[in-house]
Amino acid sequence: MVLNYIWIAFFLLAAVCAIIQCFIGNTGVFADIVGSTFDNAKTAFEISIGLTGVLSLWMGIMKIGEKGGMVNVLSRVLSPLFTRLFPGIPKGHPAMGHIFMNIAANMLGLDNAATPLGLKAMESMQDLNKERNEALGKKYGWSAEQVAKLNETASNPMIMFLVLNTSGLTIIPVSIMVYRAQMGAAQPTDIFVPILLATFVATLAGIIVTSIYQRINLLHPMLIGVLGGMCFLVAAMIWGFSQMEKETMDMISTLLANIILFGVMLTFIIAGMVKKVNVYESFIEGAKDGFTTAVRVIPYLVAILIAIGVFRASGGMDILIRGINWLVELCGGNTDFVSALPTALMKPLSGSGARGMMVDTMTTYGADSFAGRLACIFQGSTDTTFYILAVYFGSVGIRHTRHAVTCGLLADLAGILAAIAVAYFFFG
């Protein structure tokens, strides 16, 4: 329901902004808006088709892992923690393993691997959702229509999982450092520590806000121990990487990511061999699911990208930034951060759009300017909330998102505020 209102709002706001543009002489704005609908519909289709191969690969690998027992092993290991963050998932359920694999891929910056793993996790949680709803339907005598409507409603575990994704915890932001190097930054890695701090704050805020909504007890010794351990680990990694030269850091981070990725593939295949599973046939079985999932996502992607494109083409984003700048000046605040805000505001809507905003900011103000560095921190601090919601919920037919959008956006807000704070601390 929330996505419905947001989707409508994009078009209504775009109409208002376009009328304003016409009054100030930009009569071609409506042509730009209509053109953006075609361009973004094409982009949505290309993204979905581009996902097909990667989805087929990783869903095939995950099917081998399921039949070889590796997913169940991961589930048992993670049960003490995940049963408290995801109380709606039974202890030892394969969904726990899928969730872990997705989060691990995101932390290593392996976007192509993270998406199919996330879709597999959503599929597992939707199976649980349907089983629960059907059982409740039989118990209370609900009609088939009532059960079907519940099956289109996001469960608590789905929402917690998506908030963890939208908060975008990334330990190794290699791509952003590469962009900084290409734009001529004197020290491309100088944003590494600020990004890690900002994205950690966003993830922690997402967990806390969602736990409050879902009444999860965060004071449990297990959760306190794990979250405290994570804080210590992040601090240790920050210290370790900050001692390295750029070339060493890039080499180690890239090597580590690729070793882990290939190691997962190899481990799953060996486990399948040990269990005497027909590895090849299992891979083909899972790969078929990858193709159907990619096709199922297309309409959801078309819807969200068209709405975003219309708002951008209408000049709405430019009007918003100018308004924020005026308000900050009116309050007597420092407006240095406002020039980088387009990246922060675009990031929840479109990853490629935010990337373009980041590059544009570095081009306009310089890679080593305050705005250029802050745009990079914004890019790495959170993830594409609406894209993730559209793709992940769309892949399993969820239409009623409950508090997912609210929690995701609050995590984004925490990441944005943290990014501004650490940017002023390190570079202000």
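# A guided tour of selected helices and residues

Helix H7 (residues 156-166) packs against helix H18 (residues 404-427) at an angle of about 25 degrees, and their axes lie 9 Å apart. Angles under 35 degrees count as roughly parallel, so H7 is roughly parallel to H18. The model on display is a predicted one.

**First selection: H7 with H18**

Select both helices and view them together. Their crossing is right-handed. On the H7 side, display Ile 159, Val 163 and Thr 166; these meet Ala 404, Cys 407, Gly 408 and Asp 412 of H18. Sorted by class, this contact of H7 with H18 comprises 4 nonpolar, 2 polar and 1 charged residues.

The spacing of such contact residues can be read against a general feature of helices. An α-helix has 3.6 residues a turn, so residues three or four places apart point the same way.

**Second selection: H7 with H9**

Keep H7 and add helix H9 (192-214). The axes of H7 and H9 come within 9 Å and cross at roughly 165 degrees. Because angles over 145 degrees count as roughly antiparallel, H7 and H9 are roughly antiparallel to each other. H7 passes H9 in a right-handed crossing. From H7, the residues to display are Asn 156, Ile 159, Met 160, Val 163 and Leu 164; from H9, they are Thr 203, Gly 206, Ile 207, Thr 210, Ser 211 and Gln 214. This contact of H7 with H9 has 5 nonpolar, 6 polar and no charged residues.

Ile 159 and Val 163 of H7 deserve a second look: they take part in the contact with H18 and also in the contact with H9.

**Third selection: the loop after H9**

Move to Arg 215, in the loop between H9 and helix H10 (221-242). Is Arg 215 buried or exposed? Its relative accessibility is 79%, so Arg 215 counts as exposed. The phi of Arg 215 is near 55 degrees, a positive value in a residue other than glycine. Most residues other than glycine have a negative phi.

**Fourth selection: H17 and the loop towards H18**

Select helix H17 (residues 385-395) next. How many of the 11 residues of H17 are buried? The count is 11 of the 11, so H17 is largely enclosed by the rest of the structure. The buried residues include the aromatic side chains of Phe 386, Tyr 387, Tyr 392 and Phe 393. Among the others are Ile 388, Leu 389 and Val 391.

Just after H17, Gly 397 takes a positive phi of about 75 degrees. Continue to Arg 402, which is found in the loop between H17 and H18. Arg 402 has a phi near 55 degrees, again a positive value in a residue other than glycine. With 39% relative accessibility, Arg 402 counts as partly exposed.

**Fifth selection: two cysteines**

Display Cys 376 and Cys 407. Cys 376 counts as buried because its relative accessibility is 0%. Cys 407 likewise counts as buried, at 0% relative accessibility; this residue belongs to the H18 side of the contact with H7. How many disulfides does a search of the whole structure find? The search finds 0 disulfides.

**Sixth selection: Lys 63**

Go to helix H2 (residues 29-68), where Lys 63 is found. The relative accessible area of Lys 63 is 12%, under the 20% cut-off, so this lysine is buried. To show its surroundings, select Lys 120, Ser 282, Glu 285, Gly 286 and Asp 289; Lys 63 touches each of these, not counting residues up to four places away in sequence.

**Seventh selection: Ile 308**

Ile 308 is found in helix H12 (residues 279-313). At 3% relative accessibility, Ile 308 counts as buried. Leaving aside neighbours within four places in sequence, Ile 308 is in contact with Phe 10, Met 346, Leu 349 and Ser 350. For a distance across the model, draw a line from Ile 308 to Gln 146: the two are 162 residues apart in sequence and 33 Å apart in space, C-alpha to C-alpha.

**Last selection: Arg 355**

Finish at Arg 355, in helix H15 (residues 351-365). Its relative accessible area is 34%, so Arg 355 is partly exposed. Which residues are in contact with Arg 355, leaving aside its neighbours within four places in sequence? They are Tyr 179 and Gln 379. Phe 378 lies 23 residues from Arg 355 along the chain, and the C-alpha atoms of Arg 355 and Phe 378 are separated by 10.0 Å.

Terms used. Residues numbered from 1 in each chain as written. Predicted model: local features only at pLDDT ≥ 70, side-chain atom pairs only at ≥ 80, totals over all residues. Heavy atoms only, no water. Disulfide = S-S within 2.5 Å. Buried < 20%, exposed > 50% of the residue type's maximum accessible area, 1.4 Å probe, protein only. Axes fitted to C-alpha atoms, helices over the stretch in contact; angles between N-to-C directions. Helix = DSSP H or I, 4+ residues; strand = E, 2+ residues; numbered from the N terminus. Parallel < 35°, antiparallel > 145°, perpendicular 65-115°, else oblique. Left-handed = near helix turned anticlockwise from the far one by under 90°. Contact = heavy atoms within 4.5 Å. Nonpolar A, V, L, I, M, F, W, Y, C, P; charged D, E, K, R; others polar.
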